[in-house]
Amino acid sequence: MKFDVAVVGGGPAGLAAAYKLASAGFRVVVLERGREPGSKAMYGGRVYTHWLDKYLPEFRKAAIDRWVTRELVTFLTEDKAVTLETTTERGSFVTPLVSFTSWLARLSRDAGAQIVTEITVDQLARDERGRFVGVKSGSDFLRADYVIDAEGVNRLLLERAGIVERLKPETVAVGVKEVLKFESRKLLEERFGLGEEEGLAWTFAGYPTEYLPGGGFLYTYRDSVAIGVVMYLKSWDKLKTPVYDLVEKLRLHPYVAPYVRGAMLLEYGARMTPVVGINMAPPKFHYDGLLIVGDAAGFLLHTGVLIRGVDFAVASGVLAAEAIRESGDPSAEALSIYEKKLKSSFIYPQLEKFRNVDRILGDETLFRDLPIFATGVVNRYFTIDDKHRTLFEALRETSKETNVSLFKLLIYMARAVRNI
Amino acid sequence: MKFVVLTKAAVPLSSAIRIDPKTGTLVREGVPLTANVWDRDAVEFALEMRDRYGGEVVAISMAPPTGILALESLIGMGVDRAILASDRAFAGADTWATAHVLAKTIEKYVPDFDLVVTGEETIDSTTAHIGAQTASWLGVPYLYYVYNAEVRGRTLIAKRFLEDEGVDEVYELKMPAVISVLRSSQIPREVKLSRKLTAREHLQIVDNSKLGLDQDCVGLRGSPTMVVGMSPAAYPPRKRIVISGAPGEVAKKVAEVLRELGVVCAVSGLQ
Ligand SMILES: Cc1cc2nc3c(=O)[nH]c(=O)nc-3n(C[C@H](O)[C@H](O)[C@H](O)COP(=O)(O)OP(=O)(O)OC[C@H]3O[C@@H](n4cnc5c(N)ncnc54)[C@H](O)[C@@H]3O)c2cc1C
């Protein structure tokens, strides 16, 4: 059993690499433990297209459910809500990750890659000099000149190979999500005020995570919506509600419930996601015979409001494929062009720029003080009773009532706007 | 010896079963089909006998092309080769018409078979007819719920277990024969990467132009039974009973509620 390239993991990163390599004539095998590529996939809901146009323009033929044309952020408390809304140009699309992944799998197969499912890789195989020379699954050893690790966030193989440490709770969040199906596409469009092909992306802060770091989300697929909660694991011990109940609470919140009334629960899932971006990168992205791509490499941008992983995954897969094509041999030295490519692409610079974001997001100010304060101020400003408040009065009164210092909040905001 | 395993590409879990209330048929969209779980016992049983007595294991399935995935996974377990009988004409078959196709496939492609092995039943339709009906088409003896067997000359000495009676029985069958394997009686072996990589090479797809079966004996037309009505059992509405308190008290109250609802019977000792 010998291949030019063995790819571990049939997610967006691994499949993008396999597609490009197979198209260039390499003998490629993708090993995926799920029943089909994508059967273990789960994410929030949208893919950003700016960089896909450069790295995988074929995506425009993929199954796209809707284009995001409306972007909403809501600060939510038990009984109040303030929502910011903006319209957007078609810069991202919503579609179930499994549709995107199985499309990419078909593309790779057509290009000649072999995809073997229901196979779990137990170990990255090394020779006596420590070079990566293939993978082990059960009692089988599959030889390959190059190995691409695209195993996703829970990188057990890299851990077993001694490249990374065990994941720490501070570096990840857990996402829990429900998919709710509407009777028809039309009904969904009427509820959310969307045209055909138009979609919305909605994030919530405050109430969904009991004012702890994390947030809620809602995306509109074709005739269903994804609704979920992302909860930073570092504050799990402060959480009073089991995380799976948080989604149900969000769905039943009076501000959200009317939108999804009558929709049927179709799917339920949970998965981890990195939250510290490049801070959880392995020491290097290339070793003798090995390249690391996608979530496994820490290529994911999480800013509290948005999660961008799929475009990073695809682009890093494409760059890994280019690196292998240009390397000539699998030595770490030859493969170092992968690192150069990462640095001169958007991947490394953008992640580097947001390196400190998790420190800001770890601060409970954003998730507790801000939602409570913002909803309080706006609510007060619009309430006419014996007083008719100026904005300043509304701010002062809210600050007094909620014990949130306006000064502290301003300093925080100044830090946040620079880093998020 | 030549072993044949009959398998169905079925839904993976009983909880994945959904019935379309309008047509009364199984909803297959969006559910990745896999080899019927109980068939893995049959495959393990046949592989183990092959390892003991030598020979070959052939898996046979009648299914649409999506059945390939199920057969690949059995080849991954170590089945030597697989045959998928697939033709539009076979669609809508009841167990009688299905067994007809299976028996004819066996006769044509494994005429010198010694033992046909099936799973106990399918997880998504639960008739357990196929073994008996295939045996009838083939004109050979059959036995159900077998968990262990050995071969002496042309005789199969098979042990089976009957749950309701709580008895173990030992039978002698003349070979060739058909047996069904007691569910969960075996520990199915792992699916191997090396086998899966070359699975396609061991897989043969045959349609009716090869099998040449009478159109009136297969598919919907060849099916003497028909589902004429279907009334899905309504899901009982959730009770939404919330019980809180100290763990011991909660447990007691839960037991009480379950007893009141008739979910559990009052057993002495349960307080
Ligand atoms: C709640 C949540 C919401 C998100 N929302 C968004 C969003 O809206 N937009 C966005 O762009 N990104 C989002 N993401 C991130 C995005 O899902 C990931 O960045 C992306 O899927 C990473 O792709 P990948 O190929 O690196 O890894 P994965 O998609 O995780 O794929 C890894 C694959 O490897 C397989 N595998 C792992 N180990 C083995 C092994 N040992 N042997 C065989 N196979 C193995 C797995 O089964 C899996 O199929 C979200 C993530 C979560 C958790």
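Which side chain has a polar atom that lies 3.0 Å from an oxygen atom of the ligand? Keep that in mind for the first view. One thing to know before looking: this is a predicted model.

**View 1. Polar atoms of chain A meet the ligand.** The side chain asked about belongs to Arg33(A), and one of its polar atoms sits 3.0 Å from a ligand oxygen. The protein buries 96% of the 1,000 Å² that the ligand exposes when taken alone. Two backbones join in as well. Gly45(A) places a backbone N or O atom 3.2 Å from an oxygen atom of the ligand. Val121(A) brings a backbone N or O atom to 2.9 Å, this time from a nitrogen atom of the ligand.

**View 2. A shell of 35 residues surrounds the ligand.** Start with the closest ones: Glu32(A), Gly44(A), Arg46(A), Val121(A) and Asp295(A). Sorted by class, the shell comes out as 16 nonpolar, 11 polar and 8 charged residues. Where in chain A should you look for shell residues? Helices α1 (12-23) and α8 (310-327), together with strands β15 (264-274) and β19 (307-308), each supply at least two of them. The most come from β15(A), which gives 3 residues to the shell.

**View 3. Strand β11 of chain A pairs with β15(A) and with β14(A).** Here we follow β15(A) away from the ligand to a pairing partner. β11(A) and β15(A) run antiparallel, with 10 bridges joining them. To find one of the paired positions, pick out Gly175(A): its bridge partner in β15(A) is Arg271(A). β11(A) also pairs with strand β14 (residues 224-232), again in the antiparallel sense, over 9 bridges. For that pairing, look at Glu178(A), whose bridge partner in β14(A) is Ile227(A). Why is β11(A) largely enclosed by the rest of the structure? Of the 10 residues in this strand (residues 172-181), 9 are buried, so the rest of the structure largely encloses it.

**View 4. A buried arginine, Arg70(A), makes a polar contact with Glu85(A).** Arg70(A) is part of strand β4 of chain A, which covers residues 66-76. Is Arg70(A) buried or exposed? Its relative accessible area is 18%, so Arg70(A) counts as buried, given that the cut-off for buried is under 20%. The side chains of Arg70(A) and Glu85(A) are joined by a polar contact of 2.6 Å.

**View 5. A buried glutamate, Glu339(A), makes a polar contact with His286(A).** This time the residue to find is in a helix: Glu339(A) lies in α9 of chain A, residues 332-344. With a relative accessibility of 19%, Glu339(A) is classed as buried. Its side chain and that of His286(A) share a polar contact of 3.2 Å.

**View 6. Chain B is assigned two domains, domain 1 and domain 2.** Now over to the other chain. Domain 1 takes in residues 2-217 and domain 2 takes in residues 235-271. How many Å separate their centres? Taken over C-alpha atoms, the distance is 42 Å. The C-alpha trace of chain B spans about 65 × 45 × 40 Å along its principal axes. If you trace the fold of chain B, you will come across 7 helices and 11 strands. Of its 271 residues, 45% are buried.

Notes:
Residues numbered from 1 in each chain as written. Chains lettered and ligands numbered in written order. Predicted model: local features only at pLDDT ≥ 70, side-chain atom pairs only at ≥ 80, totals over all residues. Heavy atoms only, no water. Domains from an automatic or database assignment. Near = heavy atom within 4 Å. Polar contact = N/O pair within 3.5 Å; in protein donor to acceptor, adjacent residues only side chain to side chain. Areas by Shrake-Rupley, 256 points an atom, 1.4 Å probe, with all protein chains shown as cover. Helix = DSSP H or I, 4+ residues; strand = E, 2+ residues; numbered from the N terminus. Nonpolar A, V, L, I, M, F, W, Y, C, P; charged D, E, K, R; others polar. Buried < 20%, exposed > 50% of the residue type's maximum accessible area, 1.4 Å probe, protein only. Pairing = 2+ DSSP bridges.
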